[in-house]
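This briefing first takes up the fold of a single chain and then turns to the way in which copies of the chain are arranged.

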Number of protein chains: 4
Amino acid sequence: MGGRVFGSEEVVIIAGPCAVESEEMLWEIAVRIKEAGAALLRGGAYKPRTSPYSFQGLGEQGLKVLARVGKALDMPVVTEVVDTGDVETVAAYADVLQVGARNMQNYSLLKKLGTIDKPVILKRGISATVEEWLMAAEYILLAGNEQVVLCERGIRTYEPWTRNTLDLSAVALVKHLSHLPVIADPSHATGLAHLVGPMARAAVAAGVDGLMVEVHIAPERALSDGAQSLTPDQFGHLVREVDLLAGLMGRRVR
Amino acid sequence: MGGRVFGSEEVVIIAGPCAVESEEMLWEIAVRIKEAGAALLRGGAYKPRTSPYSFQGLGEQGLKVLARVGKALDMPVVTEVVDTGDVETVAAYADVLQVGARNMQNYSLLKKLGTIDKPVILKRGISATVEEWLMAAEYILLAGNEQVVLCERGIRTYEPWTRNTLDLSAVALVKHLSHLPVIADPSHATGLAHLVGPMARAAVAAGVDGLMVEVHIAPERALSDGAQSLTPDQFGHLVREVDLLAGLMGRRVR
Amino acid sequence: MGGRVFGSEEVVIIAGPCAVESEEMLWEIAVRIKEAGAALLRGGAYKPRTSPYSFQGLGEQGLKVLARVGKALDMPVVTEVVDTGDVETVAAYADVLQVGARNMQNYSLLKKLGTIDKPVILKRGISATVEEWLMAAEYILLAGNEQVVLCERGIRTYEPWTRNTLDLSAVALVKHLSHLPVIADPSHATGLAHLVGPMARAAVAAGVDGLMVEVHIAPERALSDGAQSLTPDQFGHLVREVDLLAGLMGRRVR
Amino acid sequence: MGGRVFGSEEVVIIAGPCAVESEEMLWEIAVRIKEAGAALLRGGAYKPRTSPYSFQGLGEQGLKVLARVGKALDMPVVTEVVDTGDVETVAAYADVLQVGARNMQNYSLLKKLGTIDKPVILKRGISATVEEWLMAAEYILLAGNEQVVLCERGIRTYEPWTRNTLDLSAVALVKHLSHLPVIADPSHATGLAHLVGPMARAAVAAGVDGLMVEVHIAPERALSDGAQSLTPDQFGHLVREVDLLAGLMGRRVR
């Protein structure tokens, strides 16, 4: 995508807000994160939310905004798809399609994604074993799409002080067992902005092929997931740290 | 359904094989379980399986078999739906639609099920909190379908000797917090036939409005979930036990 | 103990306050619970608490109070021991010694308890597998004490609305695998008084040989675990329910 | 200890076999790991094992061997204590005392360790929350011993392909919340030798103050935990990697 290859020597940085809230907001964030070193722009248009009363995303309107901003800045865009019926629409706007943790075993969706010619990021289910995760990937691969990227985003444990528990041993295990690239999402995993930096570094040291990080201009005003979003300045600092670390591992961020 | 009401004084017994394998097999089981006291007939036509290489069910062919057998024996039928695109087809054959644990947070599917006029059994996700489960039900209710039945089917824990851990405190909690009827599935929860009886009794004592039990003529030859299936004789014994217990709670099985 | 046998046809009811707070308080509770059908009196003198700043129990002073009240009312008493160095002292006052969840794998303590001639209630560790639990019992048995009673008291899961998750399938599994009697503690497991009744009934239906229930005259003023304690009236109601249920299972409460 | 300070800019490396098996074996390992950069020597003399039929360690005999080898090589030694009654004996031989995961809430032991003047490594309980872990440390601190080092060693989750799940977000959280130094044990956490390297690197990137690593001359012949032990060569490689990484974080290994 735009010359970026998951699983190469590059540690691909995907960044952006949890949800696309407005074109102006997205534009402002995208300019800043591109400058800081992000390769891809992420943003949710269809938001699966635990409560039906929470903000559900802008839908196709959000996809259009995302595509316009991505194109203007020459950044491939990543967004989530939540329904088999939406796959074609989302694929028309996005460069990379993401399957969220809640849908990791939505096999109809996975089979449908196996028929398109775009990379798919498959997030690990919130309590999926590594075996179930690899088997879910198999549904996409078997249906014909070999561009699958796994994403560790934290598993559910009994610990209440973090949102989930980032399982980096699963990253190392997947690198050992599978040829598929694997990235990590320290933002959703921890739910706490001050843990994103340490966990992003740890993920790179454990061997991830990329990172997905939430960035917001004003985290305290975000419509979703504000507590875990970095400001653009914090994100810039993180990219520099990660770049040094990647260098030590024989890799690079850009 | 057929005069049965979830949440009434009746403890509704749903039984049948994990998957519809053939009309002859289903017919044989259905006759025996009806005789033993089952009110509804269950059987999977669309089977969500962890591996794409496992038996995936007979699809619409399975639905037809299920509908024919149910009609002939005057037993309403329950079956799982796994894709928004299949809802209408499944609703054309089944009396009750079931959402499996893997799809509890497939909100597109839940919203679609909110638009039909048939009861929906919503299984608890394998690591869903009670709050997430009730919120998932809210997606169906909010879309207009008020016939939602919750089903506790075991949660994922660290214990390896049972398939999952049947959480009966969640049953008691849901009875306390919500007006929705709640049933339990001791077969999937334990994964062991010899635990189905004790857990079915415990579930009734905890206050469930129904039970879903896997029965197979020859469990050792089942294409899926044989280890947890009861024989018709074992099932008959279980119904008698449960009936006595229900009586003590001011309820009845038939 | 006092003619009571764990693992017989009797479902033995152990009740009392979480901690011995004063002789007057204990006396008042004990009279009421004996009247309601409790066979044994429980009360903590050495309280293992997560925080060193919480109430730690009255120590030997508490043991004396417990022994006096138990003797006066002809109720055998159960209390927790937390240190190998205290085993002899506790055994001098108590009829049954209890190992709490936090100490299930304190093997020094278990070995020491294997050398005394009093029954030991071994609570399941908060995240112990059934295998680890049975192996912990083996430490006591191997050291020479065959009077071991297992107690399921809830395991740690991700669910935040109950204190722990009562795992009744473990009860049924242990009854299947071992000759040891097994009881359940629905008070600690749920942490919510309104769930104690349903879970006590469910435990009996699953086959437990006894129940351990927290009762307090004024739960809202208890120094520990008030939210999960029943009043004597609620406890009396529970015993009557459990008695009927036990009868159905070919057992009895007294 | 020997000039080493936990919580300084040094990342302290503790290495050695799971259990002291013989003086010859320990000597051979110790020479090699010292050469490779280990600061402290570890080895178990009192081994808490799930089954009473497993190898339980050499006891005081093992302590003597450990002390002799440590002294000869000028390496401070670390070993586990499992009973309040053993604290003085263990403290007579060891430079640092370790509390294992099973005893994290053995408060009698913690209080006793609060009375000695040697550093204590407090391993996180297998399903302890961060709050419970910090509170357990408080028992030692409150009793007068301020030399407490926390050790993350993996928590129990549902994932069967690793022994436990190393929770590095807990490391980052503890660094944020507490002044106590924190180290990680990737060997026990993963249970797989090929994951020890990636997880050791990740731990350093997350900010640990030290690492505890199992090394054995012939892992395939170890009496316990062979599958997770590194050979001395593998360990040497790991120390070099970790040293580079530590340098990047403004720290050093020796």
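What percentage of the contacts in chain A between residues at least 6 apart in sequence join residues at least 24 apart? In this predicted model, the share of such contacts in chain A that join residues at least 24 apart comes to 66%.

**Fold of chain A**

- The secondary structure of chain A consists of 9 helices and 8 strands.
- Of the 254 residues in chain A, 62% are buried.
- For 254 residues, a compact globule would be expected to have a radius of gyration near 18 Å, and the 16 Å found for chain A agrees with this.
- Taken along the principal axes, the box that the C-alpha atoms of chain A fill is roughly 40 × 40 × 40 Å.

**Chains A and B**

- A turn of 180°, with a shift of 0.0 Å along the axis, lays chain A on chain B with an RMSD of 0.0 Å, and the two copies are thus related as by a two-fold rotation axis.
- Among the residues of chain A, S127(A) comes closest to this rotation axis, with its C-alpha at 3.2 Å.
- Because 100% of the interface residues of chain A are also interface residues in chain B, the copies meet through the same surface.

**Chains D and A**

- Chain D can likewise be laid on chain A by a turn of 180° and a shift of 0.0 Å along the axis, with an RMSD of 0.0 Å.
- The residue of chain D that comes closest to the rotation axis is A202(D), whose C-alpha lies at 2.0 Å.
- Here 100% of the contact residues of chain D recur in chain A, and the same surface serves both copies.

Terms used:
Residues numbered from 1 in each chain as written. Chains lettered and ligands numbered in written order. Predicted model: local features only at pLDDT ≥ 70, side-chain atom pairs only at ≥ 80, totals over all residues. Helix = DSSP H or I, 4+ residues; strand = E, 2+ residues; numbered from the N terminus. Rg over C-alpha atoms; globule rule 2.2 N^0.38 Å. Buried ≥ 20, exposed ≤ 12 C-beta atoms within 10 Å, placed from the backbone. Contact = placed C-beta atoms within 7 Å. Least-squares fit on C-alpha atoms with pLDDT ≥ 70 in both.
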